[in-house]
Protein chains: 2
Amino acid sequence: MVRAVPDTHGEILAAAARQFTVTGYRGTSLQDIAREVGCSKATVLYHFANKEALLAELMAPAIEVLRSLDDQLNGLTGAAAQEVAAQGFVDLAVRFRQEIAVLRGEFPELLCQPAFAHIQQISDRLRDALAGHSDRPGARIAALVLLAGISEACAEFVDIPDDELRPALLTLARRAVEPVDAPLPHPPTTEDKDC
Amino acid sequence: MVRAVPDTHGEILAAAARQFTVTGYRGTSLQDIAREVGCSKATVLYHFANKEALLAELMAPAIEVLRSLDDQLNGLTGAAAQEVAAQGFVDLAVRFRQEIAVLRGEFPELLCQPAFAHIQQISDRLRDALAGHSDRPGARIAALVLLAGISEACAEFVDIPDDELRPALLTLARRAVEPVDAPLPHPPTTEDKDC
DNA sequence: TCAGGGTCTGACCGATCGGTCAGGCATGCT
DNA sequence: AGCATGCCTGACCGATCGGTCAGACCCTGA
């Protein structure tokens, strides 16, 4: 195990991920992160422009995958959209469990930051697809319950291996989602809310 | 509409509830609450010992109902426990939407406060009942997804009337929960986690 | 040998946080 | 009139926050 290059950048990133998971973004100070890494707070701010940039770099891979799922969903309707949305989101959630745990709870405030400007709309479209683009309250409610619940489950069940968690969630999603009979084209609704 | 007594206490409570819902407990300062009420920060701290006491009084009714549901669940097993848990929690979640929205996200940290010491164990038992006291990962996962998802849905769909939200959630819960075939007695497992 | 760039740090900044405290100001009882 | 009580406030406190900055340290290439 050669440790030629210290890779402080990566260590800060990893420490921040751990701390954010436990105490949340707001609840974790740059001092806390520096202490865990074993460097000064100034060093953290040398490697990252500010606290928000740290979070953005931490979430970047997950957001990229979410964005590609959104592309995949574009144009699909009805049951096909439901299946792709369910499968895609379960995969994503299981894979990026830690990132989801980081965002957990501070979602509403964090979404207001410019780095996460788009993911509210993406998750709205994802929810819409999972509801089969239906306007029925039952379908919309089921879709939200599923997305939120799956996120929470992935953040909480850190001890369950991916291969066990993924099929369980997918089965649940397929059972819980309201089936759509006739696939009718429907523009995705993006309900913006003031931030 | 006579306004003989100003009832500052109640106004502070109501303002705090609104602010906590939007910006979270941590994200809301006593100054923010005082500003909305139209009094000084010192007045807020005259009516409430500290910020935590304000939150505790805000959550008290919801916690009381949760506790009584826990009593109701005590001794029930199998499908009976599942049905009572589902119905009881949906009722509770719909009724105390705002309180749930307040807690949303800051759950893990807030549970460490003495005022909320017991509700982690209660929610563990509730989840266990909803899973039909089964050890199967699928059942445990489904129960968690449901509890977390229902909470989130209630916090988010503030515009949907109770009478519409409640049956939709209950139908979803019954469809999503894993049916238990043979009701077997099983002691509730309380998995404590370090805070 | 020296210059320069990358890395890191302690000291410091203004802002804001939750909370304390002495005192002002009504009201009502004696 | 005098006094006690309840309600409220401005001024202030120590702690902590995210962020800045000048300079120390080390390595490397000329």
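**Protein–DNA surfaces, a buried leucine and a cavity**

In chain B, a polar backbone atom of B:L30 lies 3.0 Å from a phosphate oxygen of DNA strand C. The model is predicted, and this distance, like the others below, is computed from it. Two contacts to strand C come from side chains of chain A. An N or O atom in the side chain of A:T8 is 2.7 Å from a phosphate oxygen of DNA strand C. For A:Y46, the separation between a polar side-chain atom and a phosphate oxygen of this strand is 3.0 Å. Two helices, α3 (41-47) of chain A and α3 (41-47) of chain B, are the elements that give two or more residues to the surface near DNA strand C. The largest share, four residues, belongs to α3(A).

The surroundings of DNA strand C comprise 15 residues. The closest are A:T8, A:T43 and A:H47 from chain A, with B:K41 and B:K51 from chain B. Of the strand C atoms that come within 4 Å of the protein, 57% are sugar and phosphate atoms. By residue class, this surface divides into six nonpolar, seven polar and two charged residues. A:T8 thus appears both among the closest residues and in a side-chain contact to a phosphate oxygen.

DNA strand D was examined in the manner of strand C. Around DNA strand D there are also 15 residues. Those that come nearest are A:K41 and A:K51 from chain A, and B:T8, B:T43 and B:H47 from chain B. Sugar or phosphate supplies 54% of the strand D atoms within 4 Å of the protein, and bases supply the rest. The class composition is six nonpolar, seven polar and two charged residues. Helix α3 of chain A and helix α3 of chain B each provide at least two residues of the surface near strand D. Here the largest share, four residues, comes from α3(B).

Both chains make polar contacts to the phosphates of strand D. In chain A, a polar side-chain atom of A:S29 is 3.3 Å from a phosphate oxygen of this strand. In chain B, B:S40 places a backbone N or O atom 3.0 Å from a phosphate oxygen of DNA strand D. B:Y46 uses a polar side-chain atom, at 3.1 Å from a phosphate oxygen.

Away from the DNA contacts, one residue of chain B was followed in detail. B:L13 belongs to helix α1 (residues 8-27) of chain B. B:L13 counts as buried because its relative accessibility is 18%, and the cut-off for buried is under 20%. Beyond its neighbours within four places in sequence, B:L13 is in contact with B:F48, B:L54, B:E57 and B:L58. One of these partners, B:L54, is 41 residues from B:L13 along the chain. The C-alpha atoms of B:L13 and B:L54 are nevertheless separated by 7.1 Å.

Cavities were also listed. The structure contains six of 30 Å³ or more. The second largest has a volume of about 50 Å³. Its lining consists of 10 residues. Closest to the centre are A:R26, A:E106 and A:E109 from chain A, together with B:G24 and B:E106 from chain B. Helix α1(B) gives the largest share of this lining, four residues. The lining has no nonpolar residues; four are polar and six are charged. Among the charged residues closest to the centre are A:R26, A:E106 and B:E106.

Methods: Residues are numbered from 1 along each chain as its sequence is written. Chains are lettered from A and ligands numbered from 1 in the order in which they are written. This is a predicted model: local features need pLDDT of at least 70, side-chain atom pairs count only at pLDDT 80 or more; totals for chains, interfaces and linings use all residues. Side-chain values use heavy atoms; hydrogens and water are left out. A residue is near a molecule or strand if one of its heavy atoms lies within 4 Å of it. A polar contact is a pair of N or O atoms within 3.5 Å; within protein, one must be able to donate a hydrogen and the other to accept it, and residues adjacent in sequence count only if both atoms are side-chain atoms. Buried means under 20% relative accessible area, exposed over 50%, partly exposed in between (1.4 Å probe, protein chains only). Contact means heavy atoms within 4.5 Å. On a 1 Å grid over the protein atoms alone, a cavity is a set of points where a 1.4 Å probe fits but cannot get out, and a pocket is an open set with protein on both sides within 12 Å along at least five of seven lines; lining residues have an atom within 4 Å of a point. Grid points are joined across faces, edges and corners, and a volume is the space filled by probe spheres set on the points.
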